[in-house]
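Please open the model in your viewer and keep the selection panel at hand. The tour proceeds by selections, each followed by a description of what is found there.

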Amino acid sequence: MHFDTLALRATHQPDPTTGAVIPPIYLSTTFARDEANELPADFMYTRPNNPTREALEKALAALEGGAVAMAFGSGQAATMTLFQALRPGDHVLLSADSYYGTPALLEQVFHPWGLTYTRVDMSDLDAVQQSIHENTRVVWCETPSNPMLSITDLLTVSRLAHEAGAICVCDNTWATPALQRPFDFNCDVVMHSTTKYLSGHSDVLGGALIFKHDNAFAQRVRMLQGLSGAVPSPFDCWLISRGIKTLGVRIRAQTATAQAIADFLDGHPAVEQVHYPGLANHPDRALIHQQMNAPGAMLSVQVKGEAAEALRFIGKLKLFTRATSLGGVESLIEHRASVEGPNSATPQNLLRISIGLEHAEDLIADLAQALR
């Protein structure tokens, strides 16, 4: 099936009792037993399992082409649970240009616990190979990366991980399964912040892990999910499922606008550099075409000058909302280094842009007047 059809069918489950086209939200925290003290279904208590969450998890597995999925209360909760499934003394190899919260978890929580990690430029495959240790258990990729939109060769990195006995995890939040399917390139686990494109409306917090195989490691993560309780509410699961239905059409429209905006900004006299996978002069253009159906709706731009010039520019914008997040129907812009804090390695003149569903000409006109 085409992705649009798959997204609808995976989340379209009419209620077998009433025939309701949209199934009910199961808000109950507990489930009754019959006279023989047996459970009529596989639900006992909502922390380990819930019908609405189970429906979302099955849809997520179908979208990515995986065997099993687990939904969490946030993307960080999903990431944290995967690291919890490792053992003290294990090693994680992490993309140097990745969402700042991922290394923060490793440094502030798991390093004191006994997990070691190394950050490496994953566009340098020799450096990746040399950075894999005997105790490396996870190679964590993020492509396109946040916020520099670097591209990782998933097929090669997953091969290097497997040769060392490690698993390859891909944060697919920016691309989504509508544009990129990491399991097609031999990745083992896909992570999503479902807060972003999957829900798509900036009104729900969530995360997910999808496993290519329902193996012992996946079952350990499932156990931790149930024990820790870092799970989304049934209503949050329903909102994410509703957002998935329109993911394909949303991201196509957003990508078309992002391409037009990247082309406008590229070469503008007030712009130092544009980071976007759809640019004709992108050095990884062949790899992007191999891995992605389209370049996506995220871009970063470095204006000429430093932080003061970048902040002055976004202060003049009228249609872009100055806020931290991405993947919603409204266009957002943020000064990324300010969000990441004083230890940020992000250039001070870089602005991260999430393109929404406003008309491309209106957004370009707004950027043009702010750049003047």
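Begin by selecting Met-298, which stands opposite Ser-354 in strand E12. The model on display is a predicted one. Extend the selection to strand E9 (residues 298-303) and strand E12 (residues 350-354), which pair in the antiparallel sense over 5 bridges.

**The five-stranded sheet**

Next, display the whole sheet to which this pair belongs. It is an open sheet of 5 strands, with mixed pairing and the order E8-E9-E12-E11-E10. At its edges are strand E8 (271-275) and strand E10 (321-322), each of which pairs on one side only.

Now add the helices that pack on this sheet. Helix H10 (residues 247-265) touches E8 and E9, and the direction of H10 makes about 15° with that of E9. Then select helix H12 (residues 307-315), which also packs on the sheet and touches E9, E10, strand E11 (332-335) and E12. The direction of H12 makes about 155° with that of E11.

**The cavity**

Return to Met-298, because the next stop includes this residue in its lining. How many cavities of 30 Å³ or more does a search of the whole structure find? The search finds 1, and about 40 Å³ of space lies in the largest cavity. To show its lining, select Pro-144, Leu-149, Trp-174, Ala-175, Leu-179, Pro-277, Met-292, Pro-295, Gly-296, Ala-297 and Met-298. By class, this lining has 10 nonpolar residues, 1 polar residue and no charged residues.

**The cis peptide bonds**

From the cavity lining, keep Pro-144 selected and add Thr-143. A cis peptide bond joins Thr-143 and Pro-144, with omega at about -10°. Pro-144 is placed in the loop between strand E4 (136-142) and helix H6 (154-163). Move along to Asn-146 and Pro-147, which are likewise joined by a cis peptide bond; here omega is about 15°. Pro-147 is found in the loop between E4 and H6.

**The seven-stranded sheet**

With E4 located, which strand order does its sheet have? Select the 7 strands that form this open sheet: they run in the order E1-E7-E6-E5-E4-E2-E3, and the pairing is mixed. Strand E1 (68-72) and strand E3 (116-120) stand at the edges with a single partner strand each, so one side of each is left without a neighbour in the sheet. From one strand to the next, the twist averages 20°.

Within this sheet, select strand E6 (residues 189-192) and strand E7 (residues 207-211), an antiparallel pair with 4 bridges. Label Val-189 and Phe-211: the latter, in E7, is the bridge partner of the former. Then add helix H8 (residues 216-228), which packs on the sheet and touches E1, strand E5 (167-171) and E7. The direction of H8 makes about 25° with that of E1.

**A helix pair**

Hide the strands and select helix H2 (residues 51-64) with helix H9 (residues 234-245). The axes of H2 and H9 come within 8 Å and cross at roughly 35°, and H2 passes H9 in a left-handed crossing. To see the contact, show the side chains of Thr-52, Arg-53, Leu-56, Leu-60 and Leu-63 in H2. These residues meet Pro-234, Cys-237, Trp-238, Ile-240, Ser-241 and Ile-244 in H9. By class, the contact has 8 nonpolar, 2 polar and 1 charged residues.

**Two positive phi values**

Finish with two backbone details. Select Asn-37, in the loop between helix H1 (3-11) and H2. Phi of Asn-37 is near 65°, a positive value in a residue other than glycine. The last selection is Thr-176, placed in helix H7 (residues 176-179). For Thr-176 too, phi is near 65°, again a positive value in a residue other than glycine.

Conventions. Residues numbered from 1 in each chain as written. Predicted model: local features only at pLDDT ≥ 70, side-chain atom pairs only at ≥ 80, totals over all residues. Heavy atoms only, no water. Pairing = 2+ DSSP bridges. Axes fitted to C-alpha atoms, helices over the stretch in contact; angles between N-to-C directions. Contact = heavy atoms within 4.5 Å. 1 Å grid on protein atoms, 1.4 Å probe; cavity = no way out; pocket = protein on both sides within 12 Å on 5 of 7 lines; lining within 4 Å. Points joined across faces, edges and corners; volume = space filled by probe spheres on them. Nonpolar A, V, L, I, M, F, W, Y, C, P; charged D, E, K, R; others polar. Left-handed = near helix turned anticlockwise from the far one by under 90°.
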